[in-house]
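Work through the following exercises with the model open beside the text. Each task is followed by a solution that proceeds step by step.

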Amino acid sequence: MKKIIIYPVFTFYLLLLSFHCEGQDKMHADSLEIHLKMFDDTRKELGTKAPKMMDTVKANILYQLSSAMVDANPDKAYDYANQCWTISESINYKEGIANAYNLFGKIHRRKGNFIDALDYENKALKIFAELK
């Protein structure tokens with residue numbers, strides 16, 4: 001008799017936990033979007049005086065933002081990953097390029113495009129191996 005009661009209670013607990021986790025990801029993504037806007041505003045104020053390292057910071061923010069959205073909104077996550085890749089490629093930021101490839105792989109895997117996912121994840125692995 002106890003098994004019958006425990007199973008529904010445990011299932012209900014897991015269901016509540018999954019809603020809590022999804023809410024955390026949404027709050028995290030919202031917070032990162034605010035940081036990205038603040039970063040862009042600061043960059044705009046500095047103009048040509050902005051240090052080149054700011055591009056690296058922006059690539060890292062875009063990577064975190066994309067990571068937070070992979071499950072909830074893969075299309076938006078892909079857009080942020082693409083921005084991360086573009087910036088990283090323009091400044092030759094190898095870790096950013098590898099992070100973007102890794103995200104492309106996760107997004108393609110999430111959408112069921114396993115061959116594309118494997119291709120991107122192998123590209124990321126190659127760069128990460130070079131970086132050690």
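## Exercise 1: The overall layout

Task: State the order of the elements from the N terminus on, and find how many helices and strands there are in the protein.

Solution. From the N terminus on, the elements of the protein run α-α-α-α-α. The count that goes with this order is 5 helices and 0 strands. The model is a predicted one, and its buried residues make up 30% of the 132 residues in the protein. Turning to contacts between residues at least 6 apart in sequence, one finds that 52% of them join residues at least 24 apart.

## Exercise 2: Length and faces of α5

Task: Compare the span of helix α5 with the expected value, and then establish which residues of α5 are buried and where they lie around the axis.

Solution. Step one concerns length: helix α5 covers the 18 residues 114-131, which at 1.5 Å a residue should span 26 Å, and the 25 Å between its end C-alpha atoms agrees with that expectation.

Step two lists the buried residues of α5, namely Ala-117, Tyr-120, Ala-124 and Ile-127. Seen down the axis of α5, these buried residues fall within an arc of 100°, so they line one face of the helix. In general, an α-helix has 3.6 residues a turn, so residues three or four places apart point the same way.

Step three looks at the surroundings: the buried residues of α5 pack against α3 (74-91) and α4 (94-110), whereas the face of α5 turned away from its buried side carries the exposed residues Phe-114, Ile-115, Leu-118, Leu-125, Lys-126 and Glu-130.

## Exercise 3: The same analysis for α3

Task: Repeat the analysis for α3, giving its reach from first C-alpha to last, its buried residues and the exposed residues on the other side.

Solution. Step one: α3 has 18 residues and reaches 26 Å from its first C-alpha to its last, which is close to the 26 Å expected at 1.5 Å a residue.

Step two: the buried residues of α3 are Pro-74, Ala-77, Tyr-80, Ala-81, Cys-84, Ile-87 and Ser-88. These residues cover an arc of only 150° around the axis, which puts them on the same side of α3.

Step three: on the other side of α3, Asp-75 and Ser-90 are exposed.

## Exercise 4: Two helix pairs

Task: Describe how α2 packs with α4 and how α3 packs with α4, using angle, axis distance and the residues that meet.

Solution. Two packed helices are described by the angle between their axes and the distance between the axes.

For the pair with α2 (residues 53-69), the angle to α4 is about 15° and the axes are 10 Å apart. That makes α2 roughly parallel to α4, the cut-off for this description being an angle under 35 degrees. The crossing in which α2 passes α4 is left-handed, and in this packing Tyr-63, Ser-66 and Ser-67 in α2 meet Asn-99, Leu-103 and Ile-107 in α4.

For the pair with α3, the angle to α4 is about 160° and the axes are 8 Å apart. α3 and α4 are therefore roughly antiparallel to each other, and α3 likewise passes α4 in a left-handed crossing. The residues that meet in this pair include Ala-77, Ala-81, Cys-84 and Trp-85 in α3, and Gly-96, Ala-100, Phe-104 and Ile-107 in α4.

## Exercise 5: The loop between α3 and α4, and the chain end

Task: Decide whether Tyr-93 is buried or exposed, which residues Tyr-93 touches, and which phi values Asn-92 and Lys-132 take.

Solution. Step one: Tyr-93 has its place in the loop between α3 and α4, and at 16% relative accessibility Tyr-93 counts as buried, since buried means under 20%.

Step two: not counting residues up to four places away in sequence, Tyr-93 touches Thr-56, Ala-59, Asn-60 and Ser-88. Of these contacts, Thr-56 is 37 residues from Tyr-93 in sequence and 7.1 Å from Tyr-93 in space, C-alpha to C-alpha.

Step three: Asn-92, whose place is also in the loop between α3 and α4, has a positive phi of about 60° although it is not a glycine. Most residues other than glycine have a negative phi. Asn-92 is exposed, with a relative accessible area of 51%.

Step four: Lys-132, found in the segment after α5, also has a positive phi of about 60° without being a glycine, and Lys-132 is exposed, with a relative accessible area of 88%.

Definitions and conventions
Residues are numbered from 1 along each chain as its sequence is written. This is a predicted model: local features need pLDDT of at least 70, side-chain atom pairs count only at pLDDT 80 or more; totals for chains, interfaces and linings use all residues. Side-chain values use heavy atoms; hydrogens and water are left out. Helices (H or I, at least four residues) and strands (E, at least two) are DSSP runs, numbered from the N terminus. The expected span of a helix is 1.5 Å times one less than its number of residues. Buried means under 20% relative accessible area, exposed over 50%, partly exposed in between (1.4 Å probe, protein chains only). The arc is that of the directions from the helix axis to the C-beta atoms. Contact means heavy atoms within 4.5 Å. Axes are lines fitted to C-alpha atoms, for helices over the stretch in contact, and angles run from 0 to 180 degrees between N-to-C directions. Angles under 35 degrees count as roughly parallel, over 145 as roughly antiparallel, 65 to 115 as roughly perpendicular and the rest as oblique. A crossing is left-handed if the near helix is turned anticlockwise from the far one by less than a right angle, and right-handed if clockwise.
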